[in-house]
Amino acid sequence: GPGSQSARQPAPPGTKAAMAAAAEQEQQQFYLLLGNLLSPDNAVRKQAEETYENIPGQSKITFLLQAIRNTAAAEEARQMAAVLLRRLLSSAFEEVYPALPPDVQIAIKSELLLIIQMETQSGMRKKICDIVAELARNLIDEDGNNQWPEGLKFLFDSVSSQNMGLREAALHIFWNFPGIFGNQQQHYLEVIKRMLVQCMQDQDHPTIRMLSARAAAAFVLANEHNLPLLKHFADLLPGILQAVNDSCYQSDDSVLKSLVEIADTVPKYLRPHLEPTLQLSLKLCADTSLSNMQRQLALEVIVTLSETAAAMLRRHTSIVAQAIPQMLAMMVDLEEDEDWANADELEDDDFDSNAVAGESALDRMACGLGGKLVLPMIKEHIMQMLQNPDWKYRHAGLMALSAIGEGCHQQMEGILNEIVNFVLLFLQDPHPRVRYAACNAIGQMATDFAPGFQKKFHEKVIAALLQTMEDQGNQRVQAHAAAALINFTEDCTKLVLEQVVTSIASVADTAEEKFVPYYDLFMPSLKHIVENAVQKELRLLRGKTIECISLIGLAVGKEKFMQDASDVMQLLLKTQTDFSDLEDDDPQISYMISAWARMCKILGKEFQQYLPVVMGPLMKTASIKPEVALLDTQDMENMSDDDGWEFVNLGDQQSFGIKTAGLEEKATACQMLVCYAKELKEGFVEYTEQVVKLMVPLLKFYFHDDILSMNLNIVRGPEYLTQMWHFMCDALIKAIGTEPDSDVLSEIMHSFAKCIEVMGDGCLNNEHFEELGGILKGKLEEHFKNQELRQVKRQDEDYDEQVEESLQDEDDSDVYILTKVSDILHSIFSSYREKVLPWFEQLLPLIVNLICPHRPWPDRQWGLCIFDDIVEHCSPSSFKYAEYFLRPMLQSVCDNSPEVRQAAAYGVGVMAQFGGDSYRPFCTEALPLLVRVIQSPDAKTKENVNATENCISAVGKIMKFKPDCVNVEEVLPHWLSWLPLHEDKEEAVHTFNYLCDLIESNNTVVLGPNNSNLPRIFGIIADGEIHEAIKHEDPCTKRLANVVRQVQTSGGLWTECISQLNADQQAAIQELLNSA
């Protein structure tokens, strides 16, 4: 056609120019956009962010590179462009980069390396290095091939360049991405090492020394699991330490931070040079010319090691002994503060102060290294400090004493009496802040050593605290100590009062009914505080007082508290009505919510009338949505922890942040809901649905352990919860699969098992079973894996008895989870019976593994319990697994471990009772084994008695349910001589019921010729009654009473039977007759 000609010709020069002009204009607009992204005005910035988001990825890259390249552009705009490009590559690499044409990819790569070489600004150069590192990180493929060989060549050339800027760049890139060599790393290892060593020895350029030390540290951290590599790089540590030292004196703490990271993640790397590492940390910590931050970081190295490598650090006791005075010296670093008495609590403690850092370090170190090592080292220091005329030393000594309580728990317990007497003296100290510290120490010890502390010392402590309250009021108003304390704020009253109120509360909480005599002493003053402490600065005091009143009410019980209950409820309701005016962060809210729940416990059903008022704020608090964010590591550096964010590192340069503010309250609110549901039962019905709807999403949200344990208890209400169950079941199963914290996990598993028991057959569908099967299989496999890992740790060079203690703790928590697996299986077998066996077969090999003879006793105990359940609930089909468990079960009847014997004996009993005919020969075979256990000399000792009673009960069950398998006449007299059982209540009922069967059928062996055995039988019945072996509501009680009544009718026999009993036994028989 006529137009086809021109289409093939190149565009005329005018069009090219126009395109260039248009591009130029777009780029200019982009500069404006960059400016707006940095704007302090929120609206402008939001608008700019939206515009930026909507630019297609490829154009973003073009614009950003252009801005970075343009040295004439404003510095902030270029820096912003560099940050945006790195973020784009980090968050959207797969979406943007592979789609670019190959020539553009090549251009970007060479361009970035070129810009680094041209750049004169050091800050800007670093940002471009960050981009290069990010791109390199994404250009290593699945097999570890680095697909940017020019990038590596650039590194090698630059690191040995004469140009300082280029050497810095190479180190910065390597520091940012130590994995840059990919699968070539082993090949280049010597080169990498040589490069780092040369840079660390560069005497003329301190920045190169610092950077290479950080890079070396990053490389070690990136290879934390590669032991040969860590050994090979051990000789770089002295250079890193030298750089730590030098950089600190050039007010740069980045290398020191790297050392803290190594201590945290790869402490073993420090082992060959641990002494110099510790010496350096001590030296820096002690140097008061350094900034507080640096000194605290240096201390952090030692403290972190006490947590991550306690056994290794315990070999360097002299360093630990030198570190302790350093922490104490920091704790003395306090300001004289005129307004201290009136300031709000906590606001006057700057959290980055040396005093706070020293105290927390001491606390962690005592917990990490253990009191056996720490207490002897610190005792003398604290004693001297407490005798110092300068108040700051006495204050620090008392705070130190509070800090070590948790870690030195066992060692301090023995000398607690002397410690308490000594601390109480300081409640009379002339300096108010020392008195405050003494209150603090008492409060802390009350927590660390509860409940023994309260039991032993409540009189002393209450008296001393009362005196503290009174002695400050006596100058003005002696009549009302508490009222005086509120009006009288000169001498830190509010703080002391808050402490005192808290102390009274914790004493009441533990002393329980022993607190009754003090009740009238305190209650009027406490009510007075709630009525009058209405000013804003007294909110916390008022909240704590409300808490205290409700705790006292709970301690002394309904009768005593009823006289004040309605007053207190009116006060609470008044506060509640003003609730809408309270600010969201008002500390009273969480205290109020807890107080309501305690009032509910005290008042029981009478509390229902208040529910409408209470539920509103409670649901509001419980449904706070947590703020969460996904950040990459570079962004995180800009977020400070003090905004109340906590971060979990997800690896791969990403972190998950959650704002913890409000979570405590949320947890409290959830606890309250549980409390109401439990206490009011049907009275709570109308709220159940909205509560459960609120709870389910929370299950997936386990940042706050308490929230979780709470949710679960709510499930246990009556039938109307069936539809709710379907609602929660999925969430519970998922949580069992994903919950990392073993305490919370065991809570969930326990609740899940309980739910299945309550809901019964049909509460789980096929998908549930399938998912649960996979999860339980995983838990059991993990159980075996953890045992192997612990065996490996026992071979470690730093293994000592304290490591063994912590391995034992891990072991205990593993076994605890195993018991929960057993609980869940128990609830499933008992609800679903034999039809669940095909599902169970996927777990069978693992359970069989548990009962192998070489496994630890808890494994065998719980493995047998699971087979016991199968025999009890899934017979006769259970016999098809007999080949797996029968031999181990019979052999375990005489095991060394009483727990294993008990599980095996119980198993024999259920075989006889439920197992069916296939088990008959095994009942015959088990009898002599059971008898051997029962007749062993120490059968009745505390640790053996439960196992023995299960054996006795099993013998009874064999005679009752499989009488043709044994010679009943021969066994019965022996069996009678072993009665009664009183430890294992469940088995006691079985044996007494069988005894009644025998007596009611006039069994001559039991009754003896002419009923001559009856006195002996009366003795058995009386002893059973004395030990409360059978609950009175159990029908068995009636049967026993009837046996006694029958004898009562024949006078002579009755007299004979009664005359052979002692006074206690006679009273017990009377008691039995009265109760049934």
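Start by selecting I378. At 0% relative accessibility, I378 counts as buried, because buried means under 20% relative accessible area. Keep in mind that you're looking at a predicted model. Show the ribbon and you'll find I378 in helix α20, which covers residues 371-386. Now bring up its partners: leaving out residues up to four places away in sequence, I378 touches I324, L328, L362 and I404. Pick L328 from that group and draw a distance. The two C-alpha atoms are 9.3 Å apart, although 50 residues separate I378 and L328 in sequence.

Time to zoom out and take in the whole protein. There are 1076 residues, and 53% of them count as buried. Switch to a cartoon view and you'll have 54 helices and 3 strands to look at. How much of the contact list joins residues at least 24 apart? Among contacts between residues at least 6 apart in sequence, it's 72%. Turn on the surface, too: about 49,100 Å² is exposed, with carbon and sulfur atoms supplying 51% of it.

Next, go inside. The largest nonpolar core has 162 residues, and the members touching the most others are L34, L196, Y269 and L305. Select Y269 and look around. Setting aside neighbours within four places in sequence, Y269 is in contact with V220, L230, F233, A234, L236, L237, I240 and I262. There's also a second, separate core, made of 122 residues; I756, V821, L886 and I1058 are among them.

Two of the contacts of Y269, L237 and I240, take you to the next stop, helix α13. Select residues 237-248 to see the helix. What should its 12 residues span at 1.5 Å a residue? The expected value is 16 Å, and the end C-alpha atoms are 17 Å apart, which agrees. Is α13 enclosed or not? Since 9 of its 12 residues are buried, α13 is largely enclosed by the rest of the structure. Colour the buried ones if you like: L237, I240, L241, A243, V244, N245, D246, S247 and C248. To see what covers them, show α10 (185-200), α11 (206-222), α14 (254-265), α15 (274-286) and α16, which are included in the cover.

Hop over to α16, residues 292-308, and pick out Q296. Q296 has a relative accessible area of 15%, so it is buried. Show its side chain together with that of N354: a polar contact of 2.8 Å joins the two. N354 has company here, as Q296 is also in contact with M330, D352, S353 and A357, leaving aside neighbours within four places in sequence.

Now jump to M959 in helix α47, residues 945-961. With a relative accessible area of 3%, M959 is buried. Not counting residues up to four places away in sequence, M959 touches V966, V968, V971, L972, W975 and Y994. Try another distance here, from M959 to Q913: their C-alpha atoms are separated by 9.9 Å, with the two positions 46 residues apart along the chain.

Last stop: the cysteines. How many disulfides does the structure hold? The count is 0. C965 is in no disulfide, and the nearest cysteine sulfur, belonging to C923, is 5.4 Å away. That's why the pair doesn't qualify: the sulfur atoms would have to be within 2.5 Å. C965 is buried, at 10% relative accessible area. Finish by selecting C865, which also counts as buried, at 19% relative accessibility.

Conventions: Residues numbered from 1 in each chain as written. Predicted model: local features only at pLDDT ≥ 70, side-chain atom pairs only at ≥ 80, totals over all residues. Heavy atoms only, no water. Core = buried A, V, L, I, M, F, W, Y, C linked by side-chain atoms within 4.5 Å. Buried < 20%, exposed > 50% of the residue type's maximum accessible area, 1.4 Å probe, protein only. Contact = heavy atoms within 4.5 Å. Helix = DSSP H or I, 4+ residues; strand = E, 2+ residues; numbered from the N terminus. Polar contact = N/O pair within 3.5 Å; in protein donor to acceptor, adjacent residues only side chain to side chain. Areas by Shrake-Rupley, 256 points an atom, 1.4 Å probe, with all protein chains shown as cover. Expected span 1.5 Å × (residues − 1).
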